[in-house]
Amino acid sequence: MPPAQAKITNVFGEGDKVLIEWTLSGGEGNSKFEIPCANVYEFANGKIKSAHFQFDSYAFAKIAGK
């Protein structure tokens with residue numbers, strides 16, 4: 001996997017849940033890539049109760065297969 005960076009594009013929150021949308025990007029020349037991702041956090045008593053990570057697995061598979 002080539003060097004990558006993450007950029008947060010949106011943050012949404014309601015009640016005890018927060019969603020963070022972000023993009024993983026990197027590469028050089030013809031090998032540039034962008035993968036949309038999202039994290040969903042649920043809080044209880046000021047602490048993270050659960051966390052879920054979602055990403056475009058097809059885009060990742062194309063990068064990993066190179």
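Tutor: Let's begin with a yardstick: a residue is buried under 20% relative accessible area, exposed over 50%, and partly exposed in between, using a 1.4 Å probe and protein chains only. This is a predicted model, in which local features need pLDDT of at least 70 and side-chain atom pairs count only at pLDDT 80 or more, while totals for chains, interfaces and linings use all residues. Residues are numbered from 1 along each chain as its sequence is written, and side-chain values use heavy atoms, with hydrogens and water left out.

Student: Why is N45 called exposed?

Tutor: N45 has a relative accessible area of 81%. Exposed asks for over 50%, so N45 meets that condition.

Student: Where does N45 sit?

Tutor: N45 is in the loop between β3 (33–44) and β4 (47–55). The names come from DSSP runs, numbered from the N terminus: helices are H or I with at least four residues, and strands are E with at least two. β3 and β4 form a hairpin with two residues between them. In that turn N45 has a positive phi of about 55°, although N45 is not a glycine.

Student: What makes β3 and β4 a pair?

Tutor: Two strands pair if DSSP finds at least two bridges between them. Eight bridges join β3 to β4, so the condition is met, and the two run antiparallel. One example is C37, whose bridge partner in β4 is F55.

Student: How do you know that β1 and β2 pair?

Tutor: The reasoning is alike: β1 and β2 have ten bridges, in the antiparallel sense. Within this pair, I8 stands opposite W22, and K7 stands opposite T23. β1 and β2 also form a hairpin with two residues between them, and G15 in the turn has a positive phi of about 60°.

Student: Why do β1 and β4 count as the edges of the sheet?

Tutor: The sheet is open, has four strands in the order β1-β2-β3-β4, and pairs in antiparallel fashion. β1 and β4 each have a single partner strand, so one side of each has no neighbour in the sheet. From one strand to the next, the twist averages 20°; here axes are lines fitted to C-alpha atoms, for helices over the stretch in contact, and angles run from 0 to 180 degrees between N-to-C directions.

Student: What makes β1 a hardly covered strand?

Tutor: Strand β1 covers residues 4–14, and the count of buried residues among these eleven is zero. V11 lies in β1; its relative accessible area is 55%, so V11 is exposed. V11 still has contacts, meaning heavy atoms within 4.5 Å: leaving aside neighbours within four places in sequence, they are V18, L19 and I20.

Student: What makes a group of residues a nonpolar core?

Tutor: It is a set of buried Ala, Val, Leu, Ile, Met, Phe, Trp, Tyr and Cys residues joined through side-chain atoms within 4.5 Å. The largest one here has eight residues: I20, W22, L24, F33, I35, C37, A59 and I63. β2 (17–26), β3 and α1 (57–64) each give two or more residues to this core. The helix α1 lies across β3 and β4, at about 130° to β3.

Student: Why is N39 called buried?

Tutor: N39, in strand β3, has 15% relative accessibility, so N39 counts as buried. Its side chain makes polar contacts with the side chains of W22, at 2.8 Å, and Y41, at 2.9 Å. A polar contact is a pair of N or O atoms within 3.5 Å; within protein, one must be able to donate a hydrogen and the other to accept it, and residues adjacent in sequence count only if both atoms are side-chain atoms.

Student: How do you know that E42 and K49 meet in a salt bridge?

Tutor: A salt bridge is a side-chain nitrogen of Lys or Arg within 4 Å of a carboxyl oxygen of Asp or Glu. For E42 and K49 the N to O distance is 4.0 Å. The structure holds one salt bridge. At 21% relative accessibility E42 counts as partly exposed, while K49, at 58%, counts as exposed.
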